[in-house]
Amino acid sequence: MSTRREFLAAALGGFPGFGAPPAIPLQTIRNGRSKRRYLWIHGNERTARAVLLDHIKRYRGTANLVRSKTRNIRLFDGVIDPNRLFSRTGAEVNLRTLNPRWTAEKVAKALDRLDRGREKTVRAVFPPKDGLLIALHNNSEGYSVKDEVAISDRVSLRDETHPHEFFLCTQEGDFEILKTAPNNVVLQNRASKEDDGSLSRLAAARGVRYVNLEVALGNAEKQREMLDWAERHLP
Ligand SMILES: [Zn+2]
C-alpha cells in the first residue's frame, strides 16, 4: 500500500516540473495577505536586500529573496545570471557566455534542468491577477537609465542628473502614475525586443504588472524613498 506522499507524487506527477528543483533558490517572507510581490534576485546587490527586508516588515506582501551572495547562481559546475533564465533562449546565451568551457551537451543538459524548474519559480515570484511585482536592483557605473531609453516604449526623465535611479515598468497604467514621481521612469510593455531571458521581458509578454526599481549600490535612502513612493501611489 502506498504512502500518502507516494500517492501525492503520483497524483501530481502529471504536472511538468513537479519535483524538479526551482530554477532559482529563493527564501520567501510573507507579511499578511496582499497581492503585492517583491523580488530581490541578484545576491551581490546588498543595498536592495536590506531595503526589502526592512520594507516587508512595514508593508503587507510576499518577498522572495535569492539564496546567494553572488550575482550569478550555481548551476552544475558553472553559473548563470538568475535574471537571464526566464526563457530558454536567454538562458542559452547567458550560459555560453559565463561558462565558455562547457560542451554543447552540458549546456543542453543545464537548459533542460532550467526548463523543468522555471515555471515553479515563475509561479513563486509572479503576483496573482491584478497584483503587482516590484523587483529591487542596485547598479554601479556601467548601467543606468540611459541604457534603457532607446529600447523603451515611453520615457520620462524628471531626474536626469541621477540616471542610476529609475523605475522600469511593463504597464501603461503604472507608467502614468510613476511619471508623476520626481524620478526617472521608462515603460517597456512590448516583448518584441531581443529575448534576453529577463523577468521584465517575461512580465511584459504575459501582461503582468512589474516594476523594476534601480538605484545605485549603497544609496539605501533613495531606494527606500522610491519604494515607499511606489507603495503609496500604485494600486
Ligand atoms: Zn540586479
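This report describes the zinc site, the largest pocket and the surroundings of one leucine in a predicted model.

In this model the zinc ion is coordinated through ND1 of His42, ND1 of His137 and two OE contacts from Glu45, at 2.0 to 2.5 Å. The angles among the four donor atoms run from 54 to 144°, and the geometry of the site is classed as irregular. Along the chain, the donor residues follow the spacing H-x2-E-x91-H, and His42 and Glu45 are both buried.

His42 also appears in the description of the largest pocket, where it is listed with Arg71, Arg84, Tyr143 and Glu214 as lying nearest the centre. The volume of this pocket is about 410 Å³, and its lining comprises 23 residues. Two elements, β6 (132–139) and β10 (209–216), each give two or more residues to that lining, and β6 gives the most, with three residues. The lining divides by class as follows.

| Class of lining residue, largest pocket | Number of residues |
|---|---|
| Nonpolar | four residues |
| Polar | twelve residues |
| Charged | seven residues |

Leu53 belongs to helix α2, which spans residues 46–58. Its relative accessible area is 25%, and Leu53 therefore counts as partly exposed, since that class lies between the limits of 20% for buried and 50% for exposed residues. Leaving aside residues up to four places away in sequence, Leu53 touches Ile29 and Leu65. Between Leu53 and Phe167 the separation is 114 residues in sequence and 19 Å in space, taken from C-alpha to C-alpha.

Conventions:
Residues numbered from 1 in each chain as written. Predicted model: local features only at pLDDT ≥ 70, side-chain atom pairs only at ≥ 80, totals over all residues. Heavy atoms only, no water. 1 Å grid on protein atoms, 1.4 Å probe; cavity = no way out; pocket = protein on both sides within 12 Å on 5 of 7 lines; lining within 4 Å. Points joined across faces, edges and corners; volume = space filled by probe spheres on them. Helix = DSSP H or I, 4+ residues; strand = E, 2+ residues; numbered from the N terminus. Nonpolar A, V, L, I, M, F, W, Y, C, P; charged D, E, K, R; others polar. Donors = N, O, S within 2.8 Å, 3.2 Å for Na, K, Ca; no water. Tetrahedral: all angles 85-135°; square planar, octahedral: opposite > 155°, others 65-115°. Buried < 20%, exposed > 50% of the residue type's maximum accessible area, 1.4 Å probe, protein only. Contact = heavy atoms within 4.5 Å.
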